[in-house]
Amino acid sequence: MPEENVLFARESDIPAEEAAPKLQTNKYLICISEGLLYGIDAEQVETIITDHTITRLPRVPHYVRGIINLRGQIIPIIDIRLRLGKPQAEESCIIVVNIGSDCMGILVDGVDKMVDVSRDSILPMPTQNPQKLISGMCSLPDGGTLLILDCGLLLHE
């Protein structure tokens, strides 16, 4: 296509070999727990809470730290460290996520940033890895490894 016509061309007029391929990406919120980076699908994230009192409940699984009342909604809080068999941390924040029509809070050590991750770069977890809460993993541009957390599985034993 002549260069002077490129300014006025519609995307459909540009030959396929000249059109830039559209990269399929997902946006993830990176949270940190015991030095590992976990990615939570940004579409599931409702809010991040840094200072909230958790009400403890009797007879719940050990990884359920309790509940909070957030704007009139009762939300169960899952401690990601305890859920993954690690020791409980003192300082932490809560990421409230939406799973279908339900909300739950995930207690993590901290929140880092939002990143766009190419769908092609997400690899499945190795089959010998017993971790069922992680749906995939990928390398980040800074050299770290991001573990994609499947929030829907957090409440299942």
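In the predicted model, Ile77 stands opposite Gly105 of strand β7. A further pair across these strands places Asp79 opposite Leu107, also in β7. Both pairs belong to the contact between β5 and β7 (residues 102-108), in which the strands run in the parallel sense and are joined over three bridges.

On its other side, β5 is engaged with β4. Strand β4 (residues 64-70) and strand β5 (residues 73-79) run antiparallel and are connected by six bridges. Within this pairing, Ile68 of the hairpin faces Ile75 in β5 as its opposite residue. Two residues separate the strands of the β4-β5 hairpin, and Arg71 there adopts a positive phi near 50°.

These pairings form part of an open sheet of five strands, arranged in the order β3-β6-β7-β5-β4 and mixed in its pairing. Its edges are formed by β3 (45-49) and β4, each of which pairs on one side only. Between neighbouring strands of this sheet, the average turn is 30° when direction is ignored.

A second open sheet is likewise built of five strands, with the order β8-β1-β2-β10-β9 and mixed pairing. Because β8 (110-118) and β9 (134-139) stand at the edges with a single partner strand each, one side of each is left without a neighbour in the sheet. From one strand to the next, the twist averages 35°.

At one end of the second sheet, β9 pairs with β10 (residues 145-149) in the antiparallel sense, over five bridges. The bridge partner of Met137 is Leu147 in β10, while Cys138 has Leu146 of β10 as its bridge partner. The two strands form a hairpin with five residues between them, and Gly143 in the turn shows a positive phi of about 100°.

Empty space within the model was examined next. The structure contains one cavity of 30 Å³ or more, and the largest cavity has a volume of about 40 Å³. Its lining consists of Ser33, Arg65, Asp79, Ile80, Arg81, Ala89, Ser92, Leu107, Val108 and Asp109. Two elements, α2 (80-83) and β7, each contribute two or more residues to this lining. In terms of residue class, the cavity lining comprises four nonpolar, two polar and four charged residues. Asp79 and Leu107, which both line the cavity, are the residues that stand opposite each other in the β5-β7 pairing.

The largest pocket has a volume of about 210 Å³. Lining this pocket are Ile49, Thr50, Asp51, His52, Ile54, Arg56, Arg65, Glu90, Ser92, Cys93, Ile94 and Leu107. The pocket lining divides into five nonpolar, three polar and four charged residues. Arg65, Ser92 and Leu107 occur both in the lining of the pocket and in that of the largest cavity.

With respect to aromatic side chains, a search of the whole structure returned zero aromatic pairs. A contact between a charge and a ring is nevertheless present: Arg83 lies over the face of Tyr63, at 4.6 Å from the ring centre.

Notes. Residues numbered from 1 in each chain as written. Predicted model: local features only at pLDDT ≥ 70, side-chain atom pairs only at ≥ 80, totals over all residues. Heavy atoms only, no water. Phe/Tyr/Trp six-rings, centres within 6.5 Å; stacked < 30°, edge-to-face > 60°. Lys NZ or Arg CZ within 6 Å of the ring centre and 35° of its normal. Pairing = 2+ DSSP bridges. Helix = DSSP H or I, 4+ residues; strand = E, 2+ residues; numbered from the N terminus. Axes fitted to C-alpha atoms, helices over the stretch in contact; angles between N-to-C directions. 1 Å grid on protein atoms, 1.4 Å probe; cavity = no way out; pocket = protein on both sides within 12 Å on 5 of 7 lines; lining within 4 Å. Points joined across faces, edges and corners; volume = space filled by probe spheres on them. Nonpolar A, V, L, I, M, F, W, Y, C, P; charged D, E, K, R; others polar.
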